[in-house]
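Visitor: I would like to see how the labels on a model are earned. Please take me through the reasoning.

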Amino acid sequence: ILELSKKYTCIKPIFQEKNAGVSHARNTGVLYASGEYITFLDSDDFYYNPDKLSSEMKLLLENPEINLSYSSIIYVDDNGVRLNKPEISLSERLIGSCTDKIIKNCAFEILPRDYCVSKSIFMKSGMYDIKSSFYEDLDLLIRLSVQTQFRYTNVDGTAYRQVGNGLSSKSKVEQMRGRWNASWKCVKTLKECKTVGNYVYLYMWKMKIESKIFIKKLFGMSR
């Protein structure tokens with residue numbers, strides 16, 4: 001990074017004294033950022049499509065009422081080889097006002113990653129919760145959806161490596177519990193999420209999770 005920063009003055013390395021977690025690191029980067037729009041990219045991921053950023057920024061600049069745009073996620077293995085994953089239909093994508101859809105219908109595969117977003121909207125949404133290290137993206141996306149509509153470029157974007165210690169390695173029950181915790185926190189605290197439907201849905205979802213945990217313990221299942 002230091003070598004690249006010497007070659008490209010737009011690169012500004014920021015090194016923290018200790019590892020305070022991914023949420024803290026991302027927030028720190030945003031605070032140092034001087035641009036109007038921001039985006040993120042984890043160290044083990046890369047842009048599958050070199051036009052990803054330009055496609056997302058085109059949507060934002062042509063639609064000033066929109067403050068967040070994103071592209072498709074491409075799943076790859078440790079060697080960067082594309083994995084065969086089911087296609088996500090346009091109707092499943094998060095487009096427009098989508099707070100309820102994120103809470104009720106959104107699977108991990110549909111959550112936007114490495115999106116372009118207005119820095120001011122990101123700050124207004126409360127940034128990443130530094131106490132959260134599991135489904136912190138879902139928590140933030142729900143809060144962002146209250147502040148702005150989403151737009152989808154309909155092109156490939158980031159290549160996401162599915163590694164052994166990532167979120168994708170978690171059991172289905174662990175992932176369900178993480179999603180529930182993030183959604184429940186927002187439904188309790190954000191007045192825009194406080195609908196009877198959301199409360200009922202999350203209550204039924206919690207019963208499903210606890211049932212799966214009970215069966216898992218009863219039969220010694222690992223997933």
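Visitor: What makes Glu 56 and Lys 52 a salt bridge?

Guide: Their closest N and O atoms are 2.9 Å apart. A salt bridge is a side-chain nitrogen of Lys or Arg within 4 Å of a carboxyl oxygen of Asp or Glu, so the label fits. Both residues lie in helix H3 (residues 52-62), 4 residues apart, about one turn of the helix. Helices here are DSSP runs (H or I, at least four residues) and strands are too (E, at least two), numbered from the N terminus. Glu 56 is buried, and so is Lys 52.

Visitor: What kind of model is this, and how are residues numbered?

Guide: This is a predicted model, with residues numbered from 1 along each chain as its sequence is written; local features need pLDDT of at least 70, and side-chain atom pairs count only at pLDDT 80 or more. Totals for chains, interfaces and linings use all residues, while side-chain values use heavy atoms, leaving out hydrogens and water.

Visitor: Why is Arg 26 called buried, and Asp 42 partly exposed?

Guide: Buried means under 20% relative accessible area, exposed over 50%, partly exposed in between (1.4 Å probe, protein chains only). Arg 26 has 11%, so Arg 26 is buried. Asp 42 has 23%, so Asp 42 is partly exposed.

Visitor: What does Asp 42 pair with in salt bridges?

Guide: Arg 26 is one partner, with the closest N and O atoms 3.2 Å apart. Arg 26 lies in helix H2 (residues 22-32) and Asp 42 in the loop between E1 and E2, so the pair ties together parts that are 16 residues apart in sequence. Arg 113 also meets Asp 42, at 3.4 Å, N to O. Arg 113 sits in the loop between helix H4 (99-105) and strand E4 (116-118), so this pair ties together parts that are 71 residues apart in sequence. Arg 26, Asp 42 and Arg 113 belong to a salt-bridge network that also includes Asp 45, Glu 136 and Asp 137.

Visitor: Why is the pair of Phe 40 and Phe 122 called tilted?

Guide: Rings of Phe, Tyr and Trp (its six-membered ring) pair if their centres lie within 6.5 Å; planes under 30 degrees apart count as stacked, over 60 as edge-to-face and the rest as tilted. Here the centres are 5.8 Å apart and the planes at 45°, so the pair is tilted. Tyr 128 joins Phe 40 and Phe 122 in one aromatic cluster.
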